[in-house]
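Me: I have just opened this structure and would like to go through it with you. Please begin with the confidence of the model.
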Amino acid sequence: METPSATTHRGHILHGFLLAVSFLTFWNLPTSAKPIIESVPTNAITGMEVLLFVYNLPEDLAGCAWYKGDKVDPKLEIASFGINTSKITPGPAYTSQHKLYPDGSLLFRNVIPENTGYYTLLVTRKNSLVDTAIGELHIY
């Protein structure tokens, strides 16, 4: 019985390596960025207007909703927007201070210290996948 030659053994390794490299070359993971929230201005004083501006909304956006706090809670929904209906619907936590824009941004008018805290944005895609982002509002 003969032992396999070094060239045959290396050939199997090289073939497996090339197959793996070939597989990885064609295996593309989705590169969608998550939404990001920026407070404009970063720090506000009582009576100012503050915008929670949203970056990186998906191209296949179906709608979005804002919530008071650091989680999605229907009782704390401020407002939602549906792309198909182009309708903004106020939620239980909505006040006349809030204005939701179709780009997902949320405006606070005449802010007060009680507005300080976290706000959650729920973004729904047309394929029903959802993303969340949390922003923070500072009122001094």
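Me: Which elements have the lowest and the highest mean pLDDT?
Reply: Helix H1 (residues 6-26) has the lowest mean pLDDT among the elements of the chain, at 46, and strand S8 (residues 106-108) has the highest, at 98. Here pLDDT is the predictor's confidence in each residue, from 0 to 100. Helices (H or I, at least four residues) and strands (E, at least two) are DSSP runs, numbered from the N terminus.

Me: What should I know about the source?
Reply: This is a predicted model, in which local features need pLDDT of at least 70 and side-chain atom pairs count only at pLDDT 80 or more, while totals for chains, interfaces and linings use all residues. Residues are numbered from 1 along each chain as its sequence is written, and side-chain values use heavy atoms, with hydrogens and water left out.

Me: Where does pLDDT stay under 50?
Reply: Over residues 13-31, for which the model has zero contacts (heavy atoms within 4.5 Å) beyond four places in sequence.

Me: Turning to the sheet, what is the strand order?
Reply: The open sheet has six strands in the order S2-S10-S9-S4-S5-S6, with mixed pairing. Two strands pair if DSSP finds at least two bridges between them.

Me: Which strands stand at the edges?
Reply: Strand S2 (43-44) and S6 do; each has a single partner strand, so one side of each is left without a neighbour in the sheet.

Me: And how many bridges join S2 to S10?
Reply: Two bridges join S2 to strand S10 (residues 130-139), and these strands run parallel. Alanine 44 stands opposite isoleucine 139 in S10.
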